[in-house]
Each structure stands twice: as structure tokens, then as C-alpha cells.
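Here is a short tour of a protein chain, written for someone who is just starting out with structures. Keep the picture open while you read.

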Amino acid sequence: MYWVTPRHLAGDDDALAERIGDALSGLGWRMWPTSRGTLLYVSPDELRGAEWILASYPFELGGLPVAWQLSARPHADSSMTEWNAYFTAGVPHEALTDLLIALDAREAPDIGFASPESVLTALSARSWLRDMDHPRTAATDPGFSASVSLEMLPPLIHDADPRDDLLGWQAWAEPVLGAPYLWCASFSASVPHDLVAAFVSSLASPVPVPRRTLPESAQERLTIVRRG
């Protein structure tokens, strides 16, 4: 076992499904398998959902298959989700777990009042650097290996707002410039900014995380704090 930093390059230890499944079960969310081979989790109030969709291989972000989809709706009987967020394999499960805890704790998961600045403030508090050309919408880690940016949505990222010119938060890790991404995340336009802030704050945390398997593309960028 290794305890490593930075968290955003630590990968998912090949256990993203298990770790997030355990977190959701601990929050009291119900789970059942679907006919598509996915695992669907729903919160007790039926306003929040999380689905392990890697088996159905719905689409890719940055050339990586999407593994988890989160969503929220305003009413339990609503057939349309208000927003969606997508995460590929490789995303640190600690950051996704902290996002789910924040989502579970919200009284109204579909709406938010925080501004986009809350996301960048959370990153600045972790010593991430604001983009010089886009200081209000983008930031990168001090090692320039991961970025968070408010920008035009990628294809297939939609929510209840049907407009085509919407912006949503995107995050990704690129351990080696020009090499394949380690992971990617995409938040549709209506995702509350405070939830995105919870994700990025955990992502940028300096606290070491335990891993048995280190991502090959990031090994030279990781610091092993201790072994056990």
C-alpha cells in the first residue's frame, strides 16, 4: 500500500465501482441492476441518482469511457433530470465520494445559489493557479497536470435546460502533455456550483490517499509519502 500525493493524479486504484458503491450504500441509497448491465443507485427521497454505466459504454470523455453518471430532479415523480454529471474511470474516488456526500446533504439537490466564483475560490484555497487569460473561469494545479474550466459543453452533455450555448464545468488530468488523459469529468450547465466546488476542493486536497495500484502515466509525477 502506498500513500501518495497529489490526489488528482492518484487514479482510482481500479476500485471506482466498489468504493463509490460502498459510499452510496453507507448513505442509505438503494441499488438494483438494470437490463443494460448497469448499477442504479437512488437516494431515499428519490431525488438523487447515481449509476455505474461503464458496462453499457454510453460515450467517452477525452477518449475515456464514462463510468459514473450523477443526476438530480426536482420531484420524485419527475421523468426528466434537472442536471447530470459524468465521470470516467480513473477519477479519484475520494473526490467523487465527497461530491456525493455534499449532494446527499442538500435539501434541494436540483437548484443552487452559489456563483461560479465558489469553484475557483475552492481551488485557490488549495493553491491551484487561476488561468492568466481566463481568471474567472479556469484554474490549474501548480504542476500543470490537471485543469478545471467553465466552458462550452461537450457533445451528449445535456440537462433540463435545452439551450445549445450553455457553459458547464469540465475537469481533467493530463499527467504528460499531449499524452492520453488520466480521467475526465463533465458537469452539465445546471449543476449547482457549490457541488462542483465540493468535488474540486476534494480533488485538490493535499492529504495523501492510499493506493495499491499507481497509474502508469502519472507515476513520475506522484510523491509516495509512506508505504505500508
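What follows goes from the whole chain to its core, then to one helix and a few single residues.

**The whole chain**

First, a reminder: what you see is a predicted model. The chain has four helices and 14 strands. Its C-alpha atoms fill a box of roughly 50 × 40 × 30 Å along the principal axes. Is the chain compact or not? A compact globule with 228 residues would have a radius of gyration near 17 Å, and the chain has 17 Å, so the two agree. Buried residues make up 48% of the 228 residues. The fold also brings together stretches that are far apart in sequence: among contacts between residues at least 6 apart, 60% join residues at least 24 apart.

**The core and its aromatic rings**

In soluble globular proteins, nonpolar side chains tend to be buried together. Here, the largest nonpolar core has 51 residues, and the members that touch the most others are Trp 68, Phe 87, Leu 96, Phe 187 and Phe 199. Which element gives the most to this core? That would be H4, with six residues. Another core, of seven residues, lies apart from it and includes Ile 53, Phe 59, Leu 61 and Cys 184.

Take a closer look at Phe 87. Leaving aside neighbours within four places in sequence, Phe 87 is in contact with ten residues you can look up in the viewer, among them Val 66, Trp 68, Leu 96, Cys 184, Phe 187 and Phe 199. Phe 87 also belongs to an aromatic cluster, together with Trp 183, Phe 187 and Phe 199.

The structure holds seven aromatic pairs. One of them joins Trp 183 and Phe 199 edge-to-face, with 6.4 Å centre to centre and 90° between the planes. This pair links distant parts of the chain, as Trp 183 sits in strand S12 and Phe 199 in helix H4, 16 residues apart. Are the two rings' residues buried or exposed? Trp 183 counts as buried because its relative accessibility is 0%, and Phe 199 is buried too, with a relative accessible area of 0%.

**Helix H1 and its two sides**

Now find helix H1, residues 16–26, where Leu 16, Ile 20, Gly 21, Ala 23 and Leu 24 are buried. These buried residues cover an arc of only 160° around the axis, so they are on the same side of H1. On the other side, Asp 22 and Gly 26 are exposed. What do the buried residues of H1 pack against? Here are the partners:

| Partner of H1 | Residues |
|---|---|
| Strand S3 | 39–42 |
| Strand S4 | 48–52 |
| Strand S6 | 64–72 |
| Strand S7 | 83–88 |
| Helix H2 | 93–105 |

After H1 comes Gly 28, whose phi is positive, near 90°.

**Two more spots to find**

Thr 137 is in the loop between strand S8 and strand S9. At 24% relative accessibility, Thr 137 counts as partly exposed. Beyond its neighbours within four places in sequence, Thr 137 is in contact with Leu 120, Val 148, Ser 149, Leu 150 and Trp 169. The C-alpha atoms of Thr 137 and Val 148 are 8.2 Å apart, and the two residues are eleven residues apart along the chain.

Finally, look for Arg 226, which lies over the face of Trp 3, at 4.1 Å from the ring centre.

Technical notes:
Residues are numbered from 1 along each chain as its sequence is written. This is a predicted model: local features need pLDDT of at least 70, side-chain atom pairs count only at pLDDT 80 or more; totals for chains, interfaces and linings use all residues. Side-chain values use heavy atoms; hydrogens and water are left out. Rings of Phe, Tyr and Trp (its six-membered ring) pair if their centres lie within 6.5 Å; planes under 30 degrees apart count as stacked, over 60 as edge-to-face and the rest as tilted. Buried means under 20% relative accessible area, exposed over 50%, partly exposed in between (1.4 Å probe, protein chains only). A charge sits over a ring if NZ of Lys or CZ of Arg is within 6 Å of the ring centre and within 35 degrees of the ring normal. Contact means heavy atoms within 4.5 Å. A nonpolar core is a set of buried Ala, Val, Leu, Ile, Met, Phe, Trp, Tyr and Cys residues joined through side-chain atoms within 4.5 Å. The arc is that of the directions from the helix axis to the C-beta atoms. The radius of gyration is taken over C-alpha atoms; the globule rule is 2.2 Å times the number of residues to the power 0.38.
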